[in-house]
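Biologist: Please choose one part of this model and take me through it closely, with the cut-off behind each term you use.

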Amino acid sequence: MNEIKLNITIKHYQLDELSADDRELVERAVQATYNAYAEYSHFYVGAAVRLADGSIVIGANQENAAFPSGLCAERTALFAAQANHPDQSVQTLAIAARNDNGLLDDPVSPCGACRQVILGVEDRYKQPIRILLYGKKGVYSVMSAKDLLPLSFVDSSMK
């Protein structure tokens, strides 16, 4: 038997320690929480992606009475970016969440489906996407979806 050890680095920043570009992206993700339609869960998630050309695309979760028909903020932002800017890779993804009491104290992490989609976008453009997870107590910075999904399945897995 062999043992495989996984090492993942997550950096923890205060908002004011981030670069101006990263703070802007986090602020856009926070603003995007107000575009969410979360009538059922009352859990409002916003995402913002910065593309290679510096442009920002936002997304927000959208719920539906037929629960599987909704979509997470991360995927709405990534799919909108790819549909409208297919020649621009995604550099950074910021995610923020709030409930009826306000913004969450601790950062929220993407669900499994969103992690897989982020990984797929990384694979498409052949480069990692830095992920910023916002909470009022600080921001986690992760260098790639592979850090959130270490035993991953991508296109090359099928070859």
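Modeller: Contact here means heavy atoms within 4.5 Å of each other. The model is predicted, so local features need pLDDT of at least 70 and side-chain atom pairs count only at pLDDT 80 or more, while totals for chains, interfaces and linings use all residues. Residues are numbered from 1 along each chain as its sequence is written, and side-chain values use heavy atoms, with hydrogens and water left out.

The part I have chosen is helix H1, residues 20-32, where helices (H or I, at least four residues) and strands (E, at least two) are DSSP runs numbered from the N terminus. With 13 residues at 1.5 Å a residue, helix H1 should span 18 Å (1.5 Å times one less than the number of residues), and the 18 Å between its end C-alpha atoms agrees with that.

Within helix H1, the residues Asp22, Leu25, Val26, Ala29, Val30 and Ala32 are buried, a word that stands for under 20% relative accessible area, with exposed meaning over 50% and partly exposed in between (1.4 Å probe, protein chains only). Viewed down the axis of H1, these buried residues fall within an arc of 165 degrees (taken from the directions from the helix axis to the C-beta atoms), so they line one face of the helix. The buried residues of H1 pack against strand S2 (44-51), strand S3 (56-60), strand S4 (90-99), strand S5 (102-103) and strand S6 (130-135).

Helix H1 also takes part in salt bridges, each being a side-chain nitrogen of Lys or Arg within 4 Å of a carboxyl oxygen of Asp or Glu. Asp22, which counts as buried because its relative accessibility is 11%, forms one with Arg130, their closest N and O atoms being 2.7 Å apart. This pair links distant parts of the chain, since Asp22 is in helix H1 and Arg130 in strand S6, 108 residues apart. Glu24 and Arg50 meet through their side chains in another salt bridge, at 3.1 Å from N to O. Because Arg50 lies in strand S2 and Glu24 in helix H1, that pair ties together parts 26 residues apart in sequence. Arg50 counts as buried at 12% relative accessibility, whereas Glu24, at 34%, counts as partly exposed. A search of the whole structure finds five salt bridges.

For a view beyond H1, consider Cys114 in helix H3 (residues 112-125), which counts as buried at 0% relative accessibility. Leaving aside residues up to four places away in sequence, Cys114 touches Cys72, Glu74 and Arg75.
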